[in-house]
2 protein chains.
Amino acid sequence: MHLHRRLVAASFVFVLLAGVAETARAQDPLASWNDGAAKKAIVEFVRTTTTTGSPQFVPAEERIATFDQDGTLWVEHPVYTQVMYCLDRVPAVVKAKPELASQEPFKTVLSGDREAIGRLTEEDLVKIAMATLSGMSAEDFRADVTKWIAAMKDSRWKRPYTDLTYLPMQELLKYLRASGYKTYIVTGGGQDFVRAYAERVYGIPPEQVVGSAGATKFGYGKDGKPLLMKEPKLMLNDNGPGKAEGIHLMIGRRPRAAFGNSTGDREMLEYTKAGDGARLAMIVLHDDAKREYAYGPAAGLPDTKIGTFTQALYDEAKKEWVVISMKNDWKKVFSFE
Amino acid sequence: MHLHRRLVAASFVFVLLAGVAETARAQDPLASWNDGAAKKAIVEFVRTTTTTGSPQFVPAEERIATFDQDGTLWVEHPVYTQVMYCLDRVPAVVKAKPELASQEPFKTVLSGDREAIGRLTEEDLVKIAMATLSGMSAEDFRADVTKWIAAMKDSRWKRPYTDLTYLPMQELLKYLRASGYKTYIVTGGGQDFVRAYAERVYGIPPEQVVGSAGATKFGYGKDGKPLLMKEPKLMLNDNGPGKAEGIHLMIGRRPRAAFGNSTGDREMLEYTKAGDGARLAMIVLHDDAKREYAYGPAAGLPDTKIGTFTQALYDEAKKEWVVISMKNDWKKVFSFE
């Protein structure tokens, strides 16, 4: 009986301690991050900028954090999701304009020849983007993207593209927001495309998505109601230097923290880091061939067209920013693992 | 003694009642509005869109309200404040580029001949705007506007321009924000110009100011630090149809409520009103020559270049929107009255 009571008491203490550990784990907002320089840099940045009385305290209204999307928040290999969308829309565009069927690059896309499609140049892809991302109202486009992205699946994981966001980055978005930061997406991808799902997938509202943007044209529909038609005219090329320019245009404040993964993010990271006071610039290195992909010379691999991460970028990153190694810094890559 | 006690009691009741009345006044968020159709429309719109269970309830994230600035939030007559700024900057621009001194329209501006300056065409003003709003970094520009606007005074009221905001509209901004609405400025004026003071003057942060925007160019300064130079190239003409297009570009949601005062706001008001559910579109009529200005055919006066309010606009407004009469709907125009 005495022993029994001691056992009960010991079990109780054990359960209690287990509960405390559980709570501690549950309370770690960055639970999918391994302890290391990357996680430490994030926690330290948040502490120093949000603790009242800290010499590097940042007022709430100036807490702006910007995130690249492709390769930073979700998978970008082997093909950008938006390129898949554009290719899938080609038949509908050709149906509306049959003369395109015999013209390149539309002819190649319609052939279904995967190798030939893989050889399309950037110029070809821009032509396809212009044709497939215009000629409809902004509202119809949004509805079309919403439908497409709910239906399509990635070929490797057999899951919707929107499942392929990185869990550690989702935790980081939430952690920053809980610390009073406004989180923005600043993407080279299409602003209207990303806005169609960003609120559901990342908790980021349309007005906090900055991306490459085509012009729209105000007019009246057949029912006499005003509408905005998407035009085949690029207003903002939100990539490379365009990211810093896009941030100024759309936000009007220099970010306190920025996150990227390729040369297209270099200027955003430099611009962020050049501000006074505490600034955080981080870059994701795709060095995990097993759980995701490994690419770029920095990972000791050949460069790819997508998510270029050169040795020069890696050198700058190691010196000026904080590198996030997918392989070493992330306990889990996806929430479904 | 008895009488004295009654008097004391009566005084006490009087003071108490006065206090209650005072509190009621203080608690009316639209205290500077007279009771009437305009005030009623605002209060009813807020009630119906923010009361849980209301058939026209609007979720918090969709509560977007957009405001024109010149003539809607502050005085636009006799000259837009930003035009004054541009004219004042001409000497500095000519100092940097002396060859402009002998070229029009700069020559006329430098002459100081007020009548000749008053006859400058819109094309002239665009040339002046391009020259005076570019050629410096975005940060230097902001500092310059901040300094200028603190120093300059309006010629009629002898007060800083930023004192000339309309008290009833300031109350409306606060009332909407207290009701969960995000308030935006959507101005035909320069985005960077308005952003320099909007947070201080209207409580509206830079990222919620949409305006006509010039391009910037990312580069590195003499110290090697990244900077954004303002270019003489218009990216977004945020006026007329451009206001609806600018809202799509910068916000990505159709507003629930919009406020304007001229033909430049027509498309924004139409676009807002065409959405489903409860929508509020209001237009300020400048019909108060005594306390502010009266202009436009709708006020029975000749049309002016600034704040055009035609009979056609008035007809559309009376049918589709709610007209705010400065004269009848506003108890006070300015806070300093």
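Here a biologist asks a modeller about a predicted model with chains A and B.

Biologist: Let's start in chain B. How do α7(B) and α9(B) lie, parallel or oblique to each other?

Modeller: Helix α7 (residues 138-151) and helix α9 (residues 191-202) of chain B have axes that come within 9 Å and cross at roughly 60°. Angles under 35 degrees count as roughly parallel and 65 to 115 as roughly perpendicular, so this pair falls in neither group. That makes α7(B) oblique to α9(B).

Biologist: And which hand does the crossing of α7(B) and α9(B) have, left or right?

Modeller: On the α7(B) side, the contact involves F141(B), R142(B), V145(B), T146(B), W148(B) and I149(B). Facing them from α9(B) are D192(B), F193(B), R195(B), A196(B), Y197(B) and R200(B). By class, the contact has 7 nonpolar, 1 polar and 4 charged residues. As for the hand, α7(B) passes α9(B) in a crossing that is right-handed.

Biologist: Over to chain A, then. What hand does the crossing of α3(A) and α6(A) have?

Modeller: The axes of α3 (residues 81-96) and α6 (residues 122-132) of chain A come within 9 Å and cross at roughly 60°. The two helices are therefore oblique to each other. The way α3(A) passes α6(A) is left-handed.

Biologist: How many nonpolar residues are in the contact of α3(A) with α6(A)?

Modeller: From α3(A) come V83(A), C86(A), L87(A), R89(A), V90(A) and V93(A). The α6(A) side gives L125(A), I128(A), A129(A), A131(A) and T132(A). Sorted by class, there is 1 charged residue and 1 polar one, and the nonpolar count is 9.

Biologist: What about empty space inside? Which elements give two or more residues to the lining of the largest cavity?

Modeller: The count is 1 cavity of 30 Å³ or more, and about 40 Å³ of space lies in the largest cavity. Its lining is K182(A), Y184(A), E207(A) and Q208(A), along with K182(B), Y184(B), E207(B) and Q208(B). By class, that lining has 2 nonpolar, 2 polar and 4 charged residues. The elements you asked for are β2 (182-190) of chain A and β2 (182-190) of chain B.

Biologist: Now the backbone. Where is P105(A), which a cis peptide bond joins to E104(A)?

Modeller: Omega for the bond between E104(A) and P105(A) is about 0°. P105(A) has its place in the loop between α3 and α4 (106-111) of chain A.

Biologist: Last one: what is the phi of K158(A)?

Modeller: K158(A) sits in the loop between α7 (138-151) and α8 (167-178) of chain A. It is not a glycine, yet its phi is positive, at about 55°.

Note on methods: Residues numbered from 1 in each chain as written. Chains lettered and ligands numbered in written order. Predicted model: local features only at pLDDT ≥ 70, side-chain atom pairs only at ≥ 80, totals over all residues. Heavy atoms only, no water. Axes fitted to C-alpha atoms, helices over the stretch in contact; angles between N-to-C directions. Helix = DSSP H or I, 4+ residues; strand = E, 2+ residues; numbered from the N terminus. Parallel < 35°, antiparallel > 145°, perpendicular 65-115°, else oblique. Left-handed = near helix turned anticlockwise from the far one by under 90°. Contact = heavy atoms within 4.5 Å. Nonpolar A, V, L, I, M, F, W, Y, C, P; charged D, E, K, R; others polar. 1 Å grid on protein atoms, 1.4 Å probe; cavity = no way out; pocket = protein on both sides within 12 Å on 5 of 7 lines; lining within 4 Å. Points joined across faces, edges and corners; volume = space filled by probe spheres on them.
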